[in-house]
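Biologist: Please take me through one part of this protein closely. I would like to look at the open sheet and what surrounds it.

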Amino acid sequence: MGLDLSSRDREMLDGRHGPAAAMAMSIVARMAEVCGADRLLDITAAHIDSTIYVGDATLEFAERLAGLGAKVAVPSTLNVSGVDEHGWQEWAVPADWARKAHRQMVAYQSMGTTPIWTCAPYQAGARPALGQQVAWGESNAIAFANSVLGARTERYPDLLDICCAITGRAPAVGLHLDAPRAATLLLRLVDVPRRVQEDDAFYPVLGCLMGHLAEDEVPVIDGLSVVPSEDQLKAVCAAGATTGRVALFHIAGVTPEAPTLQAACRGGRPRREVAVTMADLREWRARLSTTSSASLDLVVLGSPHFSLDEFRRLAPLVAGRRRHPDVRFLVTTSRLVRDLAEGAGLLRPLAEFGATLTVDTCILATPMLPPDIRTLMTNSAKFAYYTPGLLGREVVFGSLDDCVDSAVAGRVVTDLSGWDD
């Protein structure tokens, strides 16, 4: 059938809105054809993942757009960058990397974007409403927008996201439409005790299992006896998008498009049903750790970025305590949440504990680890899953309490009570 472009789309292609819009529209239109779209649709916002510096190619792309005078057509927030521009010297970041990553930050900021520099834009005021069409990059943010907020975005990859933002247009395919949002895979919790569901570690583990099972399907989770907090839902989003390709999931009675199981399936029936048992959850929790050694060099929190509520929970856990001198303690967050946490008096206990804050970036996105840091611990399934491959380090997964207790003890300490019953 071909791609039906509007008159304004064709004007952009023809260069009548400037060379940057012409370049961006040529990419959007070509990608729409590749994914089988027959038209484009208007978006009202974007979140740009292309901000992460991964080499000269991403920098050249950003600076070429900026040099052509690119400006975004819709409100557009920026994902993490490749460097904490004010704190990178405290770590092992090469100066040349920091310089180029900063140039990429400057290029994207020049396009009229909002420089929140976070992988959790929903914590920084960028919260599209139910049914709102957006073009978001960053896997956890995509899953959060679709699942928790009920907005509509496809999995926008680097470089395409900024082109959608410049044109204000996106391919009308996939999760932008009604039918593909129906749940087709039912994950039914079977005999998962309430005390486990109340454990923060349950949600990243559940997300990992969901991502592993979902393949190309939209899952719906049924059988929860508690209502997850927003941070717990964030953990499900991040994990499901890490071990699989989950860009949308439903939780019956919790998420906005799933007031009931039937509503999640849009009146149909799931094609598959899988029972989720404690044995499955224990297996995935164990898979998130790559070593049984008690040795520990660094605790990392904030993947996705730490929220204000997470700071509220962490502050009393570290108050009056001190990390072991052999274990570093790192929290990554956005500059906005850092300022809010500071204003609420939540950073002083962390400073007294010996913690370090990094903003604007992520330990997975910048080469900051010195060679003497070999074993890490985290409460993030996303970080635990990626660490061996991306960082070449051993990792241990545990709850937030486990991470603090381990940092104090100077060795790995985990509490599996309730999980091993």
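**The open sheet and its surroundings**

Modeller: This is a predicted model. The secondary structure of the protein comes to 16 helices and 14 strands. Its radius of gyration is 22 Å, close to the 22 Å that the globule rule gives for 421 residues, so the protein is as compact as a globular protein of that length. The C-alpha trace spans about 65 × 55 × 35 Å along its principal axes. Of the 421 residues, 58% are buried. The exposed area is about 16600 Å². Carbon and sulfur atoms supply 50% of that area. Now take the contacts between residues at least 6 apart in sequence: 78% of these join residues at least 24 apart.

Now to the sheet. It is open and has 5 strands, in the order 12-11-10-13-14. The pairing is parallel. Two strands sit at the edges: strand 12 (356-359) and strand 14 (394-397). Each of these pairs on one side only. Neighbouring strands are turned by 25 degrees against each other on average, with direction ignored. What holds such strands together? Strands of a sheet pair through backbone hydrogen bonds, and the pairing can be parallel or antiparallel.

Look closely at strand 13, residues 375-378. In the sheet order, strand 13 stands between strand 10 and strand 14. Take the strand 14 side. The two strands run parallel, and 4 bridges join them. One bridge partner to find is Glu394 in strand 14, which pairs with Thr375. Now take the strand 10 side. Strand 10 and strand 13 also pair in the parallel sense, over 3 bridges. Here Val300 stands opposite Thr378 of strand 13.

Next, the faces. In a regular strand the side chains alternate between the two faces of the sheet. Strand 13 has Thr375 and Met377 on one side. Leu376 and Thr378 are on the other. These four residues are all buried, so both faces of strand 13 are covered.

What packs against strand 13? Helix 16 (residues 400-409) is one element that does, through its buried residues. Those residues are Leu400, Asp402, Cys403, Val404, Ser406 and Ala407. They also pack against strand 10 and strand 11 (328-333). Helices join in too: helix 11 (278-287), helix 12 and helix 14 (347-353) are packed against by the buried residues of helix 16. Just after helix 16 comes Gly410, with a positive phi of about 80 degrees.

Go back to strand 10 and follow the chain onward. A loop lies between strand 10 (298-301) and helix 12 (308-318), and Pro304 is found in it. Ser303 and Pro304 are joined by a cis peptide bond. Its omega is about 0 degrees.

Other parts of the chain are worth a look as well. Start with helix 6 (160-167), which follows a loop that holds Leu159. Is helix 6 enclosed or open? 8 of its 8 residues are buried, so helix 6 is largely enclosed by the rest of the structure. The buried residues are Leu160, Asp161, Ile162, Cys163, Cys164, Ala165, Ile166 and Thr167. Leu159 has a positive phi of about 80 degrees, although it is not a glycine. At 30% relative accessibility, Leu159 counts as partly exposed. Just after helix 6, Gly168 takes a positive phi of about 70 degrees.

Arg266 also has a positive phi without being a glycine, at about 50 degrees. Find Arg266 in the loop between helix 10 (261-264) and strand 9 (272-276). Arg266 is partly exposed, with a relative accessible area of 39%.

Finish with Thr243, in helix 9 (residues 230-243). Is Thr243 buried or exposed? Its relative accessibility is 14%, and buried means under 20%, so Thr243 counts as buried. A polar atom of its side chain lies 2.8 Å from the backbone oxygen of Cys208. Leave aside the neighbours within four places in sequence. Thr243 is then in contact with Gly207, Cys208, Gly211, His212, Trp284 and Tyr385.

Key: Residues are numbered from 1 along each chain as its sequence is written. Side-chain values use heavy atoms; hydrogens and water are left out. Buried means under 20% relative accessible area, exposed over 50%, partly exposed in between (1.4 Å probe, protein chains only). Two strands pair if DSSP finds at least two bridges between them. Axes are lines fitted to C-alpha atoms, for helices over the stretch in contact, and angles run from 0 to 180 degrees between N-to-C directions. The radius of gyration is taken over C-alpha atoms; the globule rule is 2.2 Å times the number of residues to the power 0.38. Contact means heavy atoms within 4.5 Å. Accessible areas come from the Shrake-Rupley method with a 1.4 Å probe; for residues, only the protein chains shown count as cover. A polar contact is a pair of N or O atoms within 3.5 Å; within protein, one must be able to donate a hydrogen and the other to accept it, and residues adjacent in sequence count only if both atoms are side-chain atoms.
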